[in-house]
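Biologist: Could you take me slowly through the disulfides of this model, and through the part of the chain that surrounds them? I would like to follow each step with the structure in view.

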Amino acid sequence: MPACRPGLHAVPLLLGLLLLGLSPVPGLLAPLTVGLPGREAEKTGVCPQLQADLNCTQECQSDAQCADNLKCCQAGCATICHLPDEKQGSCPHVNTDFPQLGLCQDQCKVDSQCPGLLKCCYNGCGKVSCITPVF
């Protein structure tokens, strides 16, 4: 009786199944599977708008790779672990060409000290105030 050899079309088919993570034998690839990056549970908070890191450092790919309550945040072409903002939205750009109206003293330290949707942002005179964020 001749030996059983896979047909010409069986090899590419089996290779394709293996590349897709599908096994022709159930349980064969179970020990090889790993979680996909970025699929881990996301930590609370929102990444702030960060200055671009021109070195394109890839410190993390997901929040799970960051210590404590730090989040994996985009900084231009880089990703870094950074303390998140508590509220959504970004602080508006402050035009320092014109004198700012209002109090020139710190009114907050963190977003949670601001009412409603307001965020704790720089106000133009080197201090921080509760300001309406940009979405």
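Modeller: A search of the whole structure, which is a predicted model, finds 8 disulfides, and we can look closely at some of them together with the strands beside them.

Let us begin with Cys56 and Cys77, which form a disulfide with their sulfur atoms 1.8 Å apart. This pair links distant parts of the chain, since Cys56 sits in the loop between helix H1 (10-19) and E1, while Cys77 sits in the loop between E1 and E2, 21 residues apart. The angle about the S-S bond is -90°, and the link of Cys56 and Cys77 is left-handed. Cys56 has a relative accessibility of 35% and therefore counts as partly exposed, and Cys77, at 37%, counts as partly exposed as well, because the partly exposed class lies between 20% and 50%.

The loop that holds Cys77 leads us to the hairpin of E1 and E2, in which 2 residues lie between the strands and Gly76 takes a positive phi near 70°. Strand E1 covers residues 71-75, and 4 of its 5 residues are buried, so that this strand is mostly covered. Strand E2 (residues 78-82) runs antiparallel to E1, and 5 bridges join the two; within this pairing, Cys73 stands opposite Ile80 in E2.

Strand E2 also takes part in a disulfide of its own, that of Cys66 and Cys81, whose sulfur atoms are 2.1 Å apart. Because Cys66 lies in the loop between H1 and E1 and Cys81 in strand E2, the pair ties together parts that are 15 residues apart in sequence. The link of Cys66 and Cys81 is left-handed, with -80° about the S-S bond. Here Cys66, with a relative accessibility of 6%, counts as buried, and Cys81 is buried too, with a relative accessible area of 16%, because the cut-off for buried is under 20%.

Further along the chain, Cys108 and Cys120 form a disulfide in which the sulfur atoms are 2.0 Å apart. Cys108 lies in the loop between E2 and strand E3 (119-122), and Cys120 lies in strand E3, so this pair ties together parts that are 12 residues apart in sequence. With 100° about the S-S bond, the link of Cys108 and Cys120 is right-handed, and both Cys108 and Cys120 are buried.

Note on methods. Residues are numbered from 1 along each chain as its sequence is written. This is a predicted model: local features need pLDDT of at least 70, side-chain atom pairs count only at pLDDT 80 or more; totals for chains, interfaces and linings use all residues. Side-chain values use heavy atoms; hydrogens and water are left out. Buried means under 20% relative accessible area, exposed over 50%, partly exposed in between (1.4 Å probe, protein chains only). Helices (H or I, at least four residues) and strands (E, at least two) are DSSP runs, numbered from the N terminus. Two strands pair if DSSP finds at least two bridges between them. A disulfide is a pair of cysteine sulfur atoms within 2.5 Å.
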